[in-house]
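Visitor: I am new to this structure and would like a close look at a single part of it. Could you take me to one pair of charged side chains and then show me what lies around it?

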Amino acid sequence: MIAAFFDIDGTIYRNSLLTEHFKKLIKYELLDFREYDTRVKEAFKLWDERVGDYDKYLLGLTQTYVDAIKGLSTEYNDFVADQVVELKGNRVYSYTRSMIKWHKEQGHKVIFISGSPDFLVSRMAKKWDADDFCGSIYHVENGMLSGKISPMWDSENKMKSIDMFCKKYSIDLMKSYAYGDTHGDYSMLLSVGHPRAINPSLELLNSIRESDYLKKNTEIIIERKDVIYKVHSNVETL
């Protein structure tokens with residue numbers, strides 16, 4: 001079996017599902033805006049002005065988010081998660097949207113592996129007709145989010161998920177594909193015969209350059225405005 005493994009945030013979805021969920025929770029006054037304002041606002045401002053690091057901003061946001069949603073009822077959480085995917089779920093890159101369609105037409109297994117919360121990943125998987133998925137597990141106790149998570153945003157855990165899917169579907173990795181955008185997707189790209197980096201972060205681009213295998217085999221896809229183009233790993237960075 002041939003599979004296509006897709007990261008979601010920054011690869012399929014043109015932002016972060018977790019960010020959208022966090023904003024909606026604040027909008028519906030289910031979270032205190034001060035949690036965001038005091039712990040994340042400055043990091044976002046630096047990234048937004050292109051003088052800060054996006055990965056650091058996203059890590060800080062994730063840590064704030066995990067702390068903030070502890071004790072939130074699953075009923076409210078599910079309502080907001082439904083709203084996020086219904087209102088924002090089509091905000092995807094044209095390239096990866098077309099690749100999902102192509103892989104489905106070829107009879108490949110389409111699998112989403114994302115660091116976003118499982119309750120968001122499951123909804124995106126359903127919306128885009130993925131065959132299977134794995135996200136960060138946000139544990140529930142007594143009908144509320146406990147604040148405990150089993151993360152899926154790092155290379156090590158994504159690799160464990162791939163191993164699990166390989167056993168489940170008898171996947172031939174050397175014939176398979178992987179799509180990612182940050183260093184957390186590095187092991188996923190390294191494990192397949194057809195790695196594809198989508199608008200890669202500088203950290204991922206540098207890691208691709210340092211790997212003889214990825215430097216030779218990775219397709220680097222850039223989508224900006226209404227144009228999609230491919231570059232080589234030796235592309236000049238300014």
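Guide: In this predicted model, a good place to begin is the salt bridge that Lys158 forms with Asp7, where the closest N and O atoms are 3.1 Å apart. The pair links distant parts of the chain, for Lys158 sits in helix 8 (residues 155-169) while Asp7 belongs to the loop between strand 1 and helix 1, and their positions lie 151 residues apart in sequence. Both Lys158 and Asp7 are buried, and the two of them are linked with Asp185 in a network of salt bridges.

From Asp7, one can follow the same loop to Arg14, which has its place between strand 1 (3-6) and helix 1 (17-27). Arg14 counts as partly exposed because its relative accessibility is 38%, a value that falls between the 20% limit for buried and the 50% limit for exposed. On the surface, Arg14 gathers with Lys23, Arg91 and Arg97 in a patch of positive charge.

The helix that follows this loop, helix 1, holds Phe22, and this residue counts as buried because its relative accessibility is 1%, where buried means under 20%. Phe22 and Leu61 are 39 residues apart in sequence, and their C-alpha atoms are 9.0 Å apart in space.

Strand 1, on the other side of the loop, spans residues 3-6, and Ala4 and Phe6 are among the residues that His103 touches; leaving aside residues up to four places away in sequence, His103 also touches His108, Val110, Tyr177 and Tyr179. His103 itself lies in helix 6 (residues 94-106) and is buried, with a relative accessible area of 0%.

To set the opening pair in context, the structure holds 13 salt bridges, and two others may be worth finding. In one of them, Arg123 is joined to Asp78, with the closest N and O atoms 3.6 Å apart; Arg123 lies in helix 7 (residues 118-127) and Asp78 in helix 5 (residues 74-88), so this salt bridge ties together parts that are 45 residues apart in sequence. Asp78 counts as partly exposed, at 33% relative accessibility, whereas Lys158 and Asp7 in the opening pair are both buried. In the other, the side chains of Lys148 and Glu141 meet at 3.6 Å, N to O; here Lys148 counts as exposed, at 52% relative accessibility, and Glu141 is partly exposed, with a relative accessible area of 40%.

Terms used:
Residues numbered from 1 in each chain as written. Predicted model: local features only at pLDDT ≥ 70, side-chain atom pairs only at ≥ 80, totals over all residues. Heavy atoms only, no water. Patch = residues over 30% accessible without salt bridge, like charges linked within 9 Å, V, L, I, M, F, W, Y side chains within 5 Å. Areas by Shrake-Rupley, 256 points an atom, 1.4 Å probe, with all protein chains shown as cover. Salt bridge = Lys/Arg side-chain N within 4 Å of Asp/Glu carboxyl O. Lys, Arg positive; Asp, Glu negative; His and termini not counted. Charge placed at Lys NZ, Arg CZ, Asp CG, Glu CD. Helix = DSSP H or I, 4+ residues; strand = E, 2+ residues; numbered from the N terminus. Buried < 20%, exposed > 50% of the residue type's maximum accessible area, 1.4 Å probe, protein only. Contact = heavy atoms within 4.5 Å.
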